[in-house]
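Me: I am new to this structure and would like to go through it step by step, with the terms explained as they come up.

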Amino acid sequence: MNETLKTIHNLKSIREFSDKEISKEDLEKILNASIQAACASARQNYSIIVVEDEEILKKLFYRANKGLLFCIDYTRIIDTAKYLKYEFCPDNIQEFITGSTDTILAAQTAAIAAKALGIGSLFTNSVHRAPLPEIYELFNLPQEFCFPSVALCLGYAKKEPAEKRGRLTTGVIHYHKHKRVSSEEIDSIIEEYADEKKNLGMTAEQLTKYGVKDYFEFFFTKWTRPRNPERIEDLYNTLTKAKFFRS
Ligand SMILES: Cc1cc2nc3c(=O)[nH]c(=O)nc-3n(C[C@H](O)[C@H](O)[C@H](O)COP(=O)(O)O)c2cc1C
């Protein structure tokens, strides 16, 4: 495997960060790599907020050394249009999807660049678990045409996870046309999650802790239910206010 593939295959979420500082040079390298990601129409429909405030890192970034908040952001291009006296109003779902794609590609590129420099990372949607008006205020985000998509925590690992979390292989890649999973394939998916060596589902210890027979019982009966209806409503309201969605 070449170095690039090794870096990608060795990506793991880090949830405990040491106090070791990320150097200014390395942070610049990560940010510079991040903005090399592909983007639609050469617009880079995102902004990256670099977070260094300890309290905010503690609250939203798992006490990482640095945080990057990746936001879909059309305000730069809107302001440029206004300045040049053009009309441009990206108030539709297509722009939301495009902006979202640009933003997430930049975010993943930052995670890969960090790993290549020996720096660990964790993606989190912590910003969607907090009331969104508070997040907008905290980071001075424009109410319209800007939306915080995902937070990336960066730092050196205090404790490396023992093993890499596995990935599902059955039914993920489709050649030529989409194909719904067959019942045999579903059995094989269940097996993949049950295989402790694969580290995809839950350990025996975790199953006992949650009193479930397998990952799916945990996922369908505990983890995804009930979703907090208030937070979902907050997301719809925020995206409507941002003009990406219509009410
Ligand atoms: C959008 C997104 C949100 C996530 N949010 C959290 C989170 O809030 N807390 C957390 O511990 N992990 C979070 N994760 C990390 C995933 O749990 C992790 O990527 C997954 O378990 C696979 O493990 P790995 O990254 O070590 O391969 C998130 C990942 C993504 C992509």
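The questions below go from the domains to their interface, then to the ligand and to one salt bridge.

Reply: This is a predicted model, in which local features need pLDDT of at least 70 and side-chain atom pairs count only at pLDDT 80 or more, while totals for chains, interfaces and linings use all residues. Residues are numbered from 1 along each chain as its sequence is written, and side-chain values use heavy atoms, with hydrogens and water left out.

Me: How many Å separate the centres of domain 1 and domain 2?

Reply: The protein chain is divided into domain 1 (3-161) and domain 2 (168-247), with bounds that come from an automatic or database domain assignment. Taken over C-alpha atoms, the distance between the two centres is 24 Å.

Me: How much area do domain 1 and domain 2 bury between them?

Reply: Contact, meaning heavy atoms within 4.5 Å, joins 19 residues of domain 1 to 11 residues of domain 2. Buried area is the accessible area (1.4 Å probe) that two parts lose on being put together, summed over both. For domain 1 and domain 2, 66% of this area is on carbon and sulfur atoms, and the total is about 1300 Å².

Me: Which residue forms a salt bridge with Glu144?

Reply: A salt bridge is a side-chain nitrogen of Lys or Arg within 4 Å of a carboxyl oxygen of Asp or Glu, and across the interface of domain 1 and domain 2 the rule finds one. With the closest N and O atoms 3.4 Å apart, the partner of Glu144 is Lys243.

Me: Which side chain has an N or O atom 2.6 Å from a nitrogen atom of the ligand?

Reply: The residues around the ligand (a heavy atom within 4 Å of it) include Lys12, Tyr62, Phe123 and Arg129. A backbone N or O atom of Phe123 lies 3.1 Å from a ligand nitrogen, and a polar side-chain atom of Arg129 lies 3.0 Å from a ligand oxygen. At 2.6 Å from a nitrogen atom of the ligand, the side chain asked for is that of Tyr62.

Me: How far apart are the closest N and O atoms of Glu52 and Lys66?

Reply: By the salt-bridge rule the count comes to 12. One of them pairs Glu52 with Lys66, where the separation of the closest N and O atoms is 3.6 Å.

Terms used. Polar contact = N/O pair within 3.5 Å; in protein donor to acceptor, adjacent residues only side chain to side chain.
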